[in-house]
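Student: Please take a close look at a single part of this protein with me. I should like one connected explanation that begins with the whole chain and then turns to that part.

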Amino acid sequence: MRRLEVITGVGGRRTWSADAKAEIMLEALAPGATVSEVARRHDLRPQQVFGWLREARKAAEPAPAFVPVVVEPAEPPRTVAAKRRRKPRVGGDIEIEIDGVLVRIGRGAEAKTVATVIQALKAGQ
């Protein structure tokens, strides 16, 4: 004759301690082990072990963090005229502007170079 166990009442479900769950999950995660075999050995369904594993993964994930954001209006795009109006460098550079073309000649330039630049700008008119 076979033995038949009948569970009645509210306590029909088994409760597992956190340590027992951890041991079963470690056993299921061992190299070469399958969840189905481990579940059968402990008289569980594989879905129960998978559920415990899923809960353990969720608990290990960091909670999403929110960072405050400040939205500022974008700067207006610089126009061509604004690009041309630059602050002059301090230090004696020479700036020549003819027909919207700005040429800056450094302090150490020779007189011959300055004359050549001016002639080139005049020729380009």
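Tutor: Accessible areas here come from the Shrake-Rupley method with a 1.4 Å probe. On that basis the protein, which is a predicted model, exposes about 11,400 Å², and carbon and sulfur atoms supply 56% of this area. Buried residues make up 14% of the 125 residues in the protein. The protein has five helices and two strands, and along the sequence they follow the pattern α-α-α-α-β-β-α. Of the contacts with a separation of 6 or more, 25% are between residues 24 or more positions apart.

The part I propose to examine is helix H3, which covers residues 46-60. Helix H3 has 15 residues, and from its first C-alpha to its last it reaches 21 Å, close to the 21 Å expected at 1.5 Å a residue. Which residues of H3 are buried? They are Val-49, Gly-51, Trp-52 and Leu-53. It is useful here to recall that an α-helix has 3.6 residues a turn, so residues three or four places apart point the same way. The buried residues of H3 pack against two other helices, H1 (18-29) and H2 (35-41).

Let us now consider Val-49 within this helix. Val-49 has a relative accessible area of 0% and is therefore buried, since buried means under 20% relative accessible area. Leaving aside neighbours within four places in sequence, Val-49 is in contact with Ile-24, Ala-28, Val-35, Ala-39 and Leu-44. A further distance concerns Ser-36: Val-49 and Ser-36 are 13 residues apart in sequence, and their C-alpha atoms are 8.8 Å apart in space.

A second residue of the helix, Trp-52, also deserves attention. Trp-52 counts as buried because its relative accessibility is 4%. With ring centres required to lie within 6.5 Å, the count comes to one aromatic pair. That pair is formed by Trp-16 and Trp-52, with 5.8 Å centre to centre and 70° between the planes, and it is edge-to-face. Trp-16 lies in the segment before H1 and Trp-52 in helix H3, so the pair ties together parts that are 36 residues apart in sequence. Is the partner, Trp-16, buried or partly exposed? Trp-16 counts as partly exposed, because its relative accessibility is 25%.

To draw the account together, the buried residues of H3 pack against H1 and H2, while Trp-52 of H3 also forms an aromatic pair with Trp-16.

Key:
Residues are numbered from 1 along each chain as its sequence is written. This is a predicted model: local features need pLDDT of at least 70, side-chain atom pairs count only at pLDDT 80 or more; totals for chains, interfaces and linings use all residues. Side-chain values use heavy atoms; hydrogens and water are left out. Helices (H or I, at least four residues) and strands (E, at least two) are DSSP runs, numbered from the N terminus. Buried means under 20% relative accessible area, exposed over 50%, partly exposed in between (1.4 Å probe, protein chains only). Contact means heavy atoms within 4.5 Å. The expected span of a helix is 1.5 Å times one less than its number of residues. Rings of Phe, Tyr and Trp (its six-membered ring) pair if their centres lie within 6.5 Å; planes under 30 degrees apart count as stacked, over 60 as edge-to-face and the rest as tilted.
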